[in-house]
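Hi,

Here is the structure I promised to pass on. Please have a look, and my notes follow underneath.

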Amino acid sequence: MNGDMTGLPSSTADTTVDTTPTLADLPSRSRRKALGRMGATVLSFSVLPAAPALAASATNIVAVRVWPASDYTRVTIESDRQLAAKSFMAANPDRLVIDIDGLELNAGLKELLGKVKPDDPFIAGVRVGQNQPRVVRIVLDLKQTVAPQVFTIEPVAAYQNRLVLDLYPTRERDPLLDLVRGKEAAETAAAQSVNDALGELIGRIDRPLTAASSAEQAASAAATPPQRPASSTAIAKIDTPPPPSPPLKEVAPEMSQTKLDRLIVIAIDPGHGGEDPGAIGPTGLREKDVVLAIGKKLRDRLNANPRIRVMMTRDADFFVPLNERVRKARRVQADLFVSIHADAFITPKARGASVFALSTSGASSTNARWMADKENAADVIGGVNTKVVKDAGVLRAMLDMSTSAQIKDSLKLGGEVLGQIGKLAKLHKGSVEQAGFAVLKAPDVPSILVETAFISNPEEEARLRDPDYQDDLVKALATGIARYFAKNPPLAARHRAL
């Protein structure tokens, strides 16, 4: 308060005592005016904030979150007021320095120190300190050089203001090369497994029958019920490892070797992720978690076929913008794109699975339009750095180039998948619906969006949580995909340059 009083003359009190008449000396009208002036003065002082009130008005950190992934790592600082930050890169060693204005170091920011895990691909460690009064400095020690993006997001959905730090690698990985390497690793592992089994068999045949092994066999024979004597041929069959099971039961026999003599790439897109949880069920099951689990199971089932490789738009809990999901599919020249979701509705009574294809001329139903609008809002919730997309018009034009042939093939794919899901679960609608889903706008890739169930329905939420039901759903999806390829095989190999 002393600083607020410095504008008054230092001799004011003496002057008042020596020269100003007292209230008793003033006429009644003048006394009323003087009392009014004194009241105004008292009121003006009463609205001045005290020190505790000033402290309470400081910016509060609501949450600090870290989303590590091989594609990029995101750090989010959520606060009740918008934060202003400046950042720069420093070398030897590599680190990203962020100065946040108008902020005091508090427990919320200190939590950041424990959020970074040792297996984070980009961040080695974090340091937080009060660099200057009202300026907090965050230093991210890096494992590799990065191309950082630092931006803010205004309040949306359940989030308040967010300051986002995205750490991208300076050199993007080649997703097609990753698929090829994964295929080679699987083939090597399979060959090694066969060699190990053969080696074990040969070792058993060549190993002399020692006293110890005779005792083991006798004990084993005593523990097992007597069986009919078997011929030497039968014994050989028992010792020989069983032949590997067919890669995929769903691969239809009509698919000729010629048609399969190429790598078939399927893009699996688990919806939402990271900052965007998607829909949330009555008991808290999050859409982003259940569709990721289903996506991984579908990937493993499809990859069991040596001629199929699956590219996942995300294989962990991180956010992927809608246009980036499309770009990933196009980079590997995918033959199919399947986006997996589990949506919610305003009433828990809504139920049933749905399959959607793209429409360029309006939605096929009110429900389809509502779904598309909801899914297309994922970028707003997940948090996209709009400043980076400088050529938004060009990007939008590219995504609007979807051809009638792509939509026609998408409807065929959707029909096969919907038919298989209908054998397992209730359908929300018995035909493939269409709407303007942004994630389906790869102009040269047949694309569908599968709403596996309404997670807002308590019964369907329980089914989605059940691993056995997930397995059945994955089998239905894989069978539908196989039936589509049986009727619409890729006619010519694509040149996929690494």
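F454 has a relative accessibility of 2%, below the 20% cut-off, so this residue counts as buried. Please keep in mind that the model is predicted. The ring partner of F454 is F345: the two ring centres lie 6.5 Å apart with the planes at 75°, which makes the pair edge-to-face. F345 itself is partly exposed, at 30% relative accessibility. The pair joins distant parts of the chain, with the two positions 109 residues apart. F345 is in the loop between β11 and β12 (354–358), and F454 is in the loop between β14 (447–451) and α17.

In the whole structure, 5 aromatic pairs turned up. Elsewhere, ring pairs connect Y72, Y168 and F318 into a cluster. There is also a charge over a ring: the charged end of R162 sits over Y159, 4.1 Å from the ring centre.

Now to the cavities. I found 3 of 30 Å³ or more. The largest holds about 80 Å³ of space. Its lining has 14 residues, and H272, L322, H341, E375 and A378 are the closest to the centre. Two elements, α12 (322–331) and β11 (336–341), each give two or more residues to that lining. By class, the lining has 6 nonpolar, 4 polar and 4 charged residues.

The second largest cavity has a volume of about 60 Å³. Helix α17 (residues 458–465) gives the most to its lining, with 3 residues. Among the lining residues are R351, K426, E460 and R463. Here the classes are 5 nonpolar, 2 polar and 4 charged.

Best wishes

Notes. Residues are numbered from 1 along each chain as its sequence is written. This is a predicted model: local features need pLDDT of at least 70, side-chain atom pairs count only at pLDDT 80 or more; totals for chains, interfaces and linings use all residues. Side-chain values use heavy atoms; hydrogens and water are left out. On a 1 Å grid over the protein atoms alone, a cavity is a set of points where a 1.4 Å probe fits but cannot get out, and a pocket is an open set with protein on both sides within 12 Å along at least five of seven lines; lining residues have an atom within 4 Å of a point. Grid points are joined across faces, edges and corners, and a volume is the space filled by probe spheres set on the points. Helices (H or I, at least four residues) and strands (E, at least two) are DSSP runs, numbered from the N terminus. Ala, Val, Leu, Ile, Met, Phe, Trp, Tyr, Cys and Pro count as nonpolar, Asp, Glu, Lys and Arg as charged, and the others, Gly among them, as polar. Rings of Phe, Tyr and Trp (its six-membered ring) pair if their centres lie within 6.5 Å; planes under 30 degrees apart count as stacked, over 60 as edge-to-face and the rest as tilted. Buried means under 20% relative accessible area, exposed over 50%, partly exposed in between (1.4 Å probe, protein chains only). A charge sits over a ring if NZ of Lys or CZ of Arg is within 6 Å of the ring centre and within 35 degrees of the ring normal.
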